[in-house]
Each structure stands twice: as structure tokens, then as C-alpha cells.
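Welcome, and thanks for taking a look at this one with us. Below is a short tour, moving from the whole chain to its salt bridges and then to one helix.

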Amino acid sequence: MNMPPIVSPQEWDAAREELLVKEKELTRARDALAAERRRMPRMAVEKDYRFEGPNGPARLLDLFAGRRQLIIYRFFFEPGVAGWPEGGCVGCSFMADQVAHLAHLNSRDTTFANVSRAPQADIERLKARMGWDTPWYTLTDDFDADFGVDEWHGTNAFYRDDDGRIFRTYFIDKRGDEPMGSTWSYLDITALGRQEQWEDSPEGYPQTPPYGWWNLHDEYDNATVFEAALSEAAASQRGSRRSRS
């Protein structure tokens, strides 16, 4: 291989600082893009989509699990997909392996779920084999065709209002799915974002100080209460706050 040159620590630091400027530009551009997503028009979901879950039939509203936002990844696990019935799509499985612990998403009032056409018995078997605990539902109607994921994987974001109306707010597919998996990448495609005070969001959006809402994944008391992140106790337990850069 034609490798780059070997340099001194000082030269290496200088080269890294030069790239850091571009990395910060990319970070700020990503933040700006997420801010634009939060201003995307919403699309009302008019159909009453139905799924089959581990506890029986479920409507789209049920998939929210009582939270404000829902992210659905279309996982290809069904007859006709390579590996069936022992395994799912290799790419979708790769994605499933990199999904962060869902308690952190839940604490931002957001639920994540997979959907496939495989029966629940097969889904539960694959989950057990792979060690996945993501909520996973069986498609029973044209949800996949209506939301652009009947022939290719993709990630849809939804929002529900106080009256139970559901809106599609964003959609990621193809190479856009590559960076997905972290709590941050998922929150950045939602209508409410990370819900932190530094974000450029429309007036009235729920926001708390950064870092203060973080917790161990088994110590979140209430995944939808924001007041706890504003408390002095939260601040003292998590150290000083630094401005984001």
C-alpha cells in the first residue's frame, strides 16, 4: 500500500488540527440539516395500518408505546429474502447490530421498532438467536408500499399529537441509513430533535440542558418526564456543562 509519510508528533498534531477545522464544519452542517428537518412539513397518516405483534394485533398508534415519536426501520426478513427462514437480510442485520440501547431514545419520548413480513414466531426466533430486544412487528397490509420500504430498507419517523393523530415527519433510505444506529443519529431525524437547549428548534419545542438528561440505561425512572433533567441534582451528578462546539 502507498501509505502516508511518517512524521513527528508536532507535525501529526498540526495535520490533525487542519482536519479538525473541516470536521467541525461537518458537525455544524449536520446540526443545521437536523434543524431543517425539524421544520419539515408534516404528512398526515390517514390509513389505519395494522400489524401483528408479540401480544397480538396492533395499530400504528400502538407502536408508539405511549410516546410522542416513533421511528420504524423496515427490516427484510421474510420468504424470498436470502437466508430465510434461518436469518434475515445481511444488511438489515448489520443495522440491527449497531442500534444503541433503546432506553436512551425512550427517555426523549421516542420509540424505535422494526417491521417485517415474517410471522412473529420467526421474528422471535431470530431475535433470540441474535440477542436483539428491539420491538418488532409483522406487516399485514400496504404500510411498506405506502412509506417507500416495500422493495428496499428505510427508516421512517412519525409524530403523534395530543388527539392521537399521526404524522410522517421524515424518511431516510439507501446510504442515508449507513450512519443510523446511535441515539443521536435517530433523534436528529425526528420532528423534535435531541430536545436540548442549544438546538435551533421552533419556539415551544420541548428542550432541556444538554447532558443533564443522560442516565444509565437501567436507571431512567420515567422516560417522558423532562423536569428531572432540569433539577440541581441532575446537574451535580453529571458534572459541569460545557458549551457545544
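## Surface and overall build

About 14000 Å² of the chain is exposed, and carbon and sulfur atoms supply 53% of that area. Please keep in mind throughout that this is a predicted model. Along the principal axes, the C-alpha atoms fill a box of roughly 60 × 55 × 35 Å.

The chain has eight helices and eight strands. Of its 245 residues, 43% are buried. If you like to think in terms of contacts, take those with a separation of 6 or more: 62% of them are between residues 24 or more positions apart.

## How confident is the model?

The average pLDDT for the chain is 92, and 90% of the residues score at least 70. One stretch to treat separately is residues 234-245, where pLDDT stays under 50. For this stretch the model has 21 contacts beyond four places in sequence.

## Salt bridges across the chain

How many salt bridges does a search of the whole structure find? The count is 16. Let us visit three of them, beginning with the pair formed by Asp-162 and Arg-68, whose side chains meet at 2.8 Å, N to O. This pair links distant parts of the chain, 94 residues apart. Asp-162 sits in the loop between strand E7 (154-160) and strand E8 (166-173), while Arg-68 belongs to the loop between helix H2 (60-63) and strand E4 (69-74). Asp-162 counts as exposed because its relative accessibility is 67%, and the cut-off for exposed is over 50%.

Next comes the salt bridge between Asp-144 and Arg-74, with the closest N and O atoms 3.3 Å apart. Asp-144 lies in helix H6 (residues 143-146) and Arg-74 in strand E4, so this salt bridge ties together parts that are 70 residues apart in sequence. Are these two partners buried or exposed? Asp-144 is buried, at 5% relative accessibility, and Arg-74 is buried as well, with a relative accessible area of 1%. For both, the reasoning rests on the cut-off for buried, which is under 20%.

## A pair within a helix, and a network

The third example stays within one helix. Arg-125 forms a salt bridge with Asp-122, and their closest N and O atoms are 2.6 Å apart. The two residues are three apart in helix H5 (residues 120-130), which means that about one helical turn separates them. Arg-125 is partly exposed, with a relative accessible area of 32%, whereas Asp-122 is buried, at 16%.

Some salt bridges also share partners: in this way Arg-74, Glu-78, Arg-117 and Asp-144 are joined into one network.

## The two faces of helix H3

Helix H3 (residues 90-97) makes a nice stop to end on. Its buried residues include Cys-92, Ser-93, Met-95 and Ala-96. Why do these four lie on the same side of H3? They do so because they cover an arc of only 155° around the axis.

What do the buried residues of H3 pack against? Their packing partners are E4 and helix H7 (183-187). E4 is also the strand that holds Arg-74. On the face of H3 turned away from its buried side, you will find the exposed residues Val-90, Phe-94 and Asp-97.

Technical notes
Residues are numbered from 1 along each chain as its sequence is written. This is a predicted model: local features need pLDDT of at least 70, side-chain atom pairs count only at pLDDT 80 or more; totals for chains, interfaces and linings use all residues. Side-chain values use heavy atoms; hydrogens and water are left out. pLDDT is the predictor's confidence in each residue, from 0 to 100. Contact means heavy atoms within 4.5 Å. A salt bridge is a side-chain nitrogen of Lys or Arg within 4 Å of a carboxyl oxygen of Asp or Glu. Buried means under 20% relative accessible area, exposed over 50%, partly exposed in between (1.4 Å probe, protein chains only). The arc is that of the directions from the helix axis to the C-beta atoms. Accessible areas come from the Shrake-Rupley method with a 1.4 Å probe; for residues, only the protein chains shown count as cover.
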